[in-house]
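I opened my notebook to look up a few things in one structure. The entries follow in the order in which I made them.

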Amino acid sequence: MTYETDTTLMLVAVGEALVGILGNAFIALVTFMGWMKNRKIASIDLILSSVAMSRICLQCIILLDCIILVQYPDTYNRGKEMRTVDFFWTLTNHLSVWFATCLSIFYFFKIANFFHPLFLWIKWRIDKLILRTLLVCVILSLCFSLPVTENLNDDFRCCVKTKERINSTLRCKVNKAGHASVKVNLNLVMLFPFSVSLVSFLLLILSLWRHTRQMQLSVTGYKDPSTTAHVKAMKTVISFLALFVVYCLAFLIATSSYFMPESELAVIWGELIALIYPSSHSFILILGSSKLKQASVRVLGRVKTMLKGRKY
């Protein structure tokens with residue numbers, strides 16, 4: 001890659017990461033301030049802050065990986081450095097997906113209307129179960145990430161000394177296929193929480209369909225609060241599912257480069273696309289929450305007032 005291409009791609013990556021970190025930091029800050037003010041934290045705020053913090057870490061890791069790949073490409077020929085970065089990427093990746101799945105499940109049990117005994121039992125206790133569920137997600141994420149560090153100090157380079165007439169040369173081949181296979185297999189586990197979110201979305205549709213059959217819309221087109229809550233929850237879940245599919249495709253593009261020589265450009269493009277998922281979904285969460293939306297409007301209003309004051 002040329003210097004101009006490297007610089008352009010790095011600027012795009014930094015811009016994407018900063019926008020996403022800003023959005024997720026805003027979510028974490030608003031929920032933290034609410035916690036300090038009320039001396040307690042609501043279940044939804046606990047989940048949102050967990051999602052936000054995990055995605056801030058994920059974006060930092062992806063950006064770090066991109067910088068190393070562009071500025072110090074030979075670093076990843078040594079196994080220890082690459083496995084260390086991949087461990088934190090896999091860990092934050094799993095945390096982000098599992099926490100987002102908890103958000104989908106929370107919306108489902110809080111908003112959907114079913115009369116099955118197990119559903120009602122969980123619905124009445126969902127607030128008490130959230131903290132335990134998040135802790136289980138952390139433990140599972142650690143368990144799925146640790147295998148990436150296996151043979152941590154092993155080198156990816158396989159060097160053979162060859163003699164050519166007088167001089168002897170050391171020829172090295174880099175083989176990352178085995179490590180890439182482990183990484184792909186571990187991240188395929190994320191299909192399970194993705195499936196859970198998908199099932200939650202489909203059940204929300206079923207719940208909304210049953211609800212609209214029972215509650216007919218008026219002539220003015222007014223929707224009752226339950227219908228509005230269903231629609232908002234489904235928008236949040238479907239946006240997560242769609243963005244996660246894009247993220248998975250980008251991850252496969254980046255990981256497939258391990259099987260091909262001279263494919264740094266494919267890795268960087270994969271990481272640029274991957275950054276879209278944690279960056280854009282944070283703003284969808286802000287727009288989908290009345291509390292976060294009102295806080296963002298207040299912040300934008302103050303920024304606008306400050307800018308006007310500086311002009312005069």
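**Entry 1: Arg-39**

I began with Arg-39, which is exposed, with a relative accessible area of 71%. I then looked up where it sits: Arg-39 lies in the loop between α1 (3-38) and α2. I noted its backbone as well, since phi of Arg-39 is near 65 degrees, a positive value in a residue other than glycine. I wrote the general rule beside that: most residues other than glycine have a negative phi. I also wrote down that I am reading a predicted model.

**Entry 2: the whole chain**

Next I stepped back to the overall layout. I found 10 helices and 2 strands in the protein chain. Starting at the N terminus, I read the order of elements as α-α-α-α-β-β-α-α-α-α-α-α. I looked up burial too, and 43% of the 312 residues count as buried. For contacts, I took those between residues at least 6 apart in sequence, and 79% of them join residues at least 24 apart.

**Entry 3: helix α2 by itself**

I went on to α2, which covers residues 43-71. Does its length agree with what is expected of a helix, or disagree? At 1.5 Å a residue, its 29 residues should span 42 Å, and I found the end C-alpha atoms 42 Å apart, which agrees. I then checked how much of α2 is covered: 21 of its 29 residues are buried, so α2 is largely enclosed by the rest of the structure.

I picked one residue of this helix, Ala-52. Ala-52 is buried, with a relative accessible area of 1%. Leaving out residues up to four places away in sequence, I listed what Ala-52 touches: Asn-24, Ile-27 and Ala-28. I also looked up its distance to Ala-100, which is 48 residues away in sequence; their C-alpha atoms are 9.6 Å apart in space.

**Entry 4: α2 with α4**

I looked next at α2 beside helix α4, residues 117-145. Their axes come within 9 Å and cross at roughly 20 degrees. Angles under 35 degrees count as roughly parallel. The two helices, α2 and α4, are therefore roughly parallel to each other. I noted the crossing of α2 and α4 as left-handed.

Which residues make this contact? From α2 I listed Ser-43, Leu-46, Ile-47 and Ser-50, and from α4 Asp-127, Ile-130, Leu-131 and Leu-134. Sorted by class, the contact of α2 with α4 has 5 nonpolar residues, 2 polar and 1 charged. The spacing of these residues sent me back to a textbook point: an α-helix has 3.6 residues a turn, so residues three or four places apart point the same way.

I also looked up Ile-139, which lies in α4. At 53% relative accessibility, Ile-139 counts as exposed. Ile-139 and Leu-95 are 44 residues apart along the chain, and I found 9.5 Å between their C-alpha atoms.

**Entry 5: α2 with α9**

I then took α2 with helix α9, residues 276-288. Their axes come within 10 Å and cross at roughly 155 degrees. That angle makes α2 roughly antiparallel to α9. I noted this crossing, of α2 and α9, as left-handed. On the α2 side I listed Leu-48, Val-51, Arg-55, Leu-58 and Gln-59, and on the α9 side Tyr-277, Pro-278, Ser-279, His-281 and Leu-285. By class, I recorded 6 nonpolar, 3 polar and 1 charged residues for the contact of α2 with α9.

I looked at α9 alone as well. It has 13 residues and reaches 18 Å from its first C-alpha to its last, close to the 18 Å expected at 1.5 Å a residue. The buried residues I listed in α9 are Tyr-277, Pro-278, Ser-279, His-281, Ser-282, Leu-285 and Ile-286.

**Entry 6: α6 and α7**

Two more helices were left on my list. Helix α6 (residues 191-214) has 24 residues and reaches 35 Å from first C-alpha to last, close to the expected 34 Å. Among the residues I found buried in α6 are Phe-194, Phe-201, Leu-204 and Leu-208.

In helix α7, residues 225-256, I looked up Val-246. Val-246 is partly exposed, with a relative accessible area of 36%. My last note is a distance: Val-246 and Ala-274 are 28 residues apart in sequence, and their C-alpha atoms are 7.4 Å apart in space.

Terms used
Residues numbered from 1 in each chain as written. Predicted model: local features only at pLDDT ≥ 70, side-chain atom pairs only at ≥ 80, totals over all residues. Heavy atoms only, no water. Helix = DSSP H or I, 4+ residues; strand = E, 2+ residues; numbered from the N terminus. Expected span 1.5 Å × (residues − 1). Buried < 20%, exposed > 50% of the residue type's maximum accessible area, 1.4 Å probe, protein only. Axes fitted to C-alpha atoms, helices over the stretch in contact; angles between N-to-C directions. Parallel < 35°, antiparallel > 145°, perpendicular 65-115°, else oblique. Left-handed = near helix turned anticlockwise from the far one by under 90°. Contact = heavy atoms within 4.5 Å. Nonpolar A, V, L, I, M, F, W, Y, C, P; charged D, E, K, R; others polar.
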